[in-house]
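Student: Could you go through this structure with me? I would like to start with the charged side chains and then move inwards.

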Amino acid sequence: MLDTFYQEFGYGYDPRWHDDVVDMDTAYFDNPRQALLVAALDDEIVATTSVRADGPQSPPHAPWLAERYPSGTTAQIFRVYVRREHRRRGLAGGLVEMACRFVALTPGYESIYLHTNAAIDGAEPFWRSVAKEIHDGRTDPAHSPAVHFEIPIPVV
């Protein structure tokens, strides 16, 4: 995940937005409603996905998004990263499917929400293939330019 912040995003670690990456116990392992999923090859993590019981925050996102997807009842898909050399192999899709199954089996969730940086190569087409767009923040100069999506909670 840290590699993604530095190599893909170009800005590195920021404690305001990335505290879950350095304190995974608190963020994921100590909370039964949250999860971190990884794909590994030869003892190297090559892809990640997580679920957090948090809705979008305002700011930086529009207030109506925070109201529509409140923390606690919203499962937010986070940290869907695949190392560049392992892309186009179905890893992100498989991990997101597992994350959605986790949400379906975890009591209290009413929706699955996520946002993505459309400037990252392949991110927007991937999310359009598995989720429904809720809002394109690139059209809203007052807030984050992220593209926001929802995924139906699967029936398991």
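Tutor: Let us begin with Glu 133, which is partly exposed at a relative accessible area of 32%, bearing in mind throughout that this is a predicted model.

Student: Which side chain does Glu 133 meet in a salt bridge?

Tutor: Its partner is Arg 128, with 2.5 Å from N to O, and Arg 128 is itself partly exposed, having a relative accessible area of 37%.

Student: And what does Asp 136 pair with?

Tutor: Asp 136 meets Arg 138 in a salt bridge of 2.8 Å, N to O; Asp 136 is buried, with a relative accessible area of 16%, whereas Arg 138 is partly exposed at 43%. Through shared partners, salt bridges join Glu 124, Arg 128, Glu 133, Asp 136 and Arg 138 into one network.

Student: How many salt bridges does the structure hold?

Tutor: There are eight salt bridges in the structure. One of them is between the side chains of Glu 97 and Arg 101, at 3.1 Å from N to O.

Student: Why are Glu 97 and Arg 101 separated by about one helical turn?

Tutor: Because they are four residues apart in helix H5, which covers residues 91–105. Arg 101 counts as partly exposed, at 36% relative accessibility.

Student: Moving inwards, which residues touch the most other members of the largest nonpolar core?

Tutor: They are Val 51, Ile 77, Ile 112, Trp 127 and Ile 151, out of the 24 residues in that core. At least two residues of the core are supplied by each of strands S1 (35–41), S2 (44–52), S3 (74–82), S4 (111–116) and S6, and likewise by H5. The largest share, six residues, comes from H5.

Student: What is Ile 151 in contact with, leaving aside its neighbours within four places in sequence?

Tutor: Ile 151 is in contact with Val 96, Cys 100, Ile 112, Leu 114, Trp 127, Val 130 and Ala 131. Apart from the largest core lies another core, of five residues, among them Ala 62, Tyr 69, Tyr 113 and Ile 134.

Student: How many aromatic pairs are there?

Tutor: The structure holds two aromatic pairs. Tyr 69 and Tyr 113 form a tilted pair, at 5.0 Å centre to centre and with 35° between the planes. This pair links distant parts of the chain, since Tyr 69 is in the loop between helix H4 (63–68) and S3 while Tyr 113 is in strand S4, 44 residues apart.

Student: Are those two tyrosines buried or exposed?

Tutor: Tyr 69 is buried, with a relative accessible area of 1%, and Tyr 113 is buried as well, at 0%.

Student: Why is the pair of Phe 126 and Trp 127 edge-to-face?

Tutor: Their planes lie at 70°, with the ring centres 4.8 Å apart, so the pair counts as edge-to-face. Trp 127 is buried, at a relative accessible area of 6%.

Student: What about charges over rings?

Tutor: Arg 33 lies over the face of Tyr 109, at 4.1 Å from the ring centre, and the charged end of Arg 52 sits over the ring of Phe 78, 4.4 Å from its centre.

Student: Last thing: where is confidence lowest in the chain?

Tutor: Confidence is lowest in helix H1 (residues 2–8), at a mean pLDDT of 60, and highest in strand S6 (residues 147–151), at 98. The chain averages a pLDDT of 89, and 88% of the residues score at least 70. Where pLDDT is low, the predicted coordinates should not be read in detail.

Terms used:
Residues numbered from 1 in each chain as written. Predicted model: local features only at pLDDT ≥ 70, side-chain atom pairs only at ≥ 80, totals over all residues. Heavy atoms only, no water. pLDDT = per-residue confidence, 0-100. Salt bridge = Lys/Arg side-chain N within 4 Å of Asp/Glu carboxyl O. Buried < 20%, exposed > 50% of the residue type's maximum accessible area, 1.4 Å probe, protein only. Core = buried A, V, L, I, M, F, W, Y, C linked by side-chain atoms within 4.5 Å. Contact = heavy atoms within 4.5 Å. Phe/Tyr/Trp six-rings, centres within 6.5 Å; stacked < 30°, edge-to-face > 60°. Lys NZ or Arg CZ within 6 Å of the ring centre and 35° of its normal.
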